[in-house]
Amino acid sequence: MPTRRSLLAAAGALALTGAARDPLDDLLAGKGDPQAAVPGLAGTVFRGAPEPLAGTVTRGLADVATGRAMTEASPARIASISKLVTAIGFMTLVEAGKVGLDDDVSDILGWSLRHPRFPRAAITPRRLMSHTSGLRNGPSYPVVFGRPLSAALTPGGVQWDDGAWFGPAEEAPGDWFAYADVNYAVVAQLIERLSGQRFDRFMAARVLEPLGLKGGFNWSGVSQAVRDQRAVLYRKAPSDDGPWDATGPWIAQLDQTLPPAPQAAVRVGAEAAGRSLDSYAPGENGFVFAPQGGLRASINDLDAIGQLLARRGAPILRLETYRTMTTPTWRFDPVRPNGEGYGGLIRAYGLGVQTLTGTEGYDNPFDGCEGWIGHAGDAYGLTSGLWVHPDAARGMAYLLTGQAAPLARNKGRSKLTRQEEAMAAWLTRA
């Protein structure tokens, strides 16, 4: 029987018949465009039914300094695909009747969460997960371990930032889409309040372990053997602000060094100096384990998450719950603009799930993408994507572990990068 790897290798060979080189090798080298180079990549194609036939491809280095190769099992910080996974965990509580999507979250948090310009508008799980809550990432983002989340979201808190964690008066909660990580910090805090468990441990028990994932949020609980295979993230400049030299060396941005297993890697504030993470009380600060972007996952892990979506939630969520989660709650209105969708990349969004509309120049990263669901991610040089055709029960995922030029300088035909579009095109052919 063919292996997963040989299935994709055979498909790729068919797709590349007549090509002088493997285009993925060209992508690594930045052939023809040094600004489009990447240090390492991994991709997968999968099917959710009748059986999860799949294949993976890897190229390049997981660690430039040591020359260690990228593998199927190399976990990377997958950025905002983490929101989709967090939403799956929250929806298990909805399905169990522990919370309603239109409940007032203040009743669960134990403190009042209200938009200061719309004090009568309830902030609900549905609005948080669909980025229509009115929340924004404040200037002092994020809230680190040692401070409560309420320090940023209640008047008088030490990170209140004069209310800058909330949108302006013309962008009412429930009506306006504004993509903001803080929404998922609140979702994580709700999970902790409802379950009595730390977010990282709840997610491991409810989602990661049932799917057979080896990764974890902010490395929590991840074995040393898996940590040793990690993919370091890179840019060719210290930050997105430059200056950039696409021909210069790769500069590590994240995960070059880690704490030993099973410790988590969290951002610690001065107030927590000398404090062990074991002292963290569930419901204290939903940012601590980075529900918005901090899941470390390999391409094998993304394959398993993708198969969950392709199988319409089975075995974790019922079909009805899956449909509620994946049906767009918000759609961009070009006549009467009703949100800012991450520079135009997001034009339809459900509960932690993006739907591609295929709009030219915006969310059309590959041919025939209209109606595909999933999520994109970018942070610390990484770009990632998980996309599923829900009707055909098939999909793809990819990880690209570095950027040789700023994202704004590197767009392709859509609002994703040229590298992502090339990877998605290769995977759709495969």
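Okay, let's start with strand β14, residues 373-379, because of all the elements here β14 gives the most to the lining of the largest pocket, 5 residues. Keep in mind that this is a predicted model.

So, the pocket itself. Its volume comes out at about 850 Å³. There are 45 residues lining the largest pocket, and the ones closest to its centre are Arg77, Tyr141, Asp181, Ala379 and Tyr380. If you sort the lining by class, you get 23 nonpolar, 12 polar and 10 charged residues.

Hang on to Arg77 for a second, and let's go to the sheet. We've got 3 strands in an open sheet, ordered β4-β9-β6, with antiparallel pairing. β4, at 76-77, and β6, at 216-217, are the edge strands, so to speak: each one pairs on one side only. Between β4 and β9, which covers residues 295-297, the antiparallel pairing runs over 2 bridges. And what stands opposite arginine 77 in β9? Another arginine, number 296.

Last stop, the helices. α3 is residues 81-95 and α8 is residues 199-211; their axes come within 10 Å and cross at roughly 80°. An angle from 65 to 115 degrees counts as roughly perpendicular, so that's what we call α3 and α8. On the α3 side, the contact uses Val85, Thr86, Ile88, Gly89, Thr92 and Leu93. From α8 you have Phe199, Phe202, Met203, Arg206, Val207 and Leu208. By class, that α3 with α8 contact has 8 nonpolar, 3 polar and 1 charged residues.

That's my tour, thanks.

Key
Residues numbered from 1 in each chain as written. Predicted model: local features only at pLDDT ≥ 70, side-chain atom pairs only at ≥ 80, totals over all residues. Heavy atoms only, no water. Pairing = 2+ DSSP bridges. Helix = DSSP H or I, 4+ residues; strand = E, 2+ residues; numbered from the N terminus. Axes fitted to C-alpha atoms, helices over the stretch in contact; angles between N-to-C directions. Parallel < 35°, antiparallel > 145°, perpendicular 65-115°, else oblique. Contact = heavy atoms within 4.5 Å. Nonpolar A, V, L, I, M, F, W, Y, C, P; charged D, E, K, R; others polar. 1 Å grid on protein atoms, 1.4 Å probe; cavity = no way out; pocket = protein on both sides within 12 Å on 5 of 7 lines; lining within 4 Å. Points joined across faces, edges and corners; volume = space filled by probe spheres on them.
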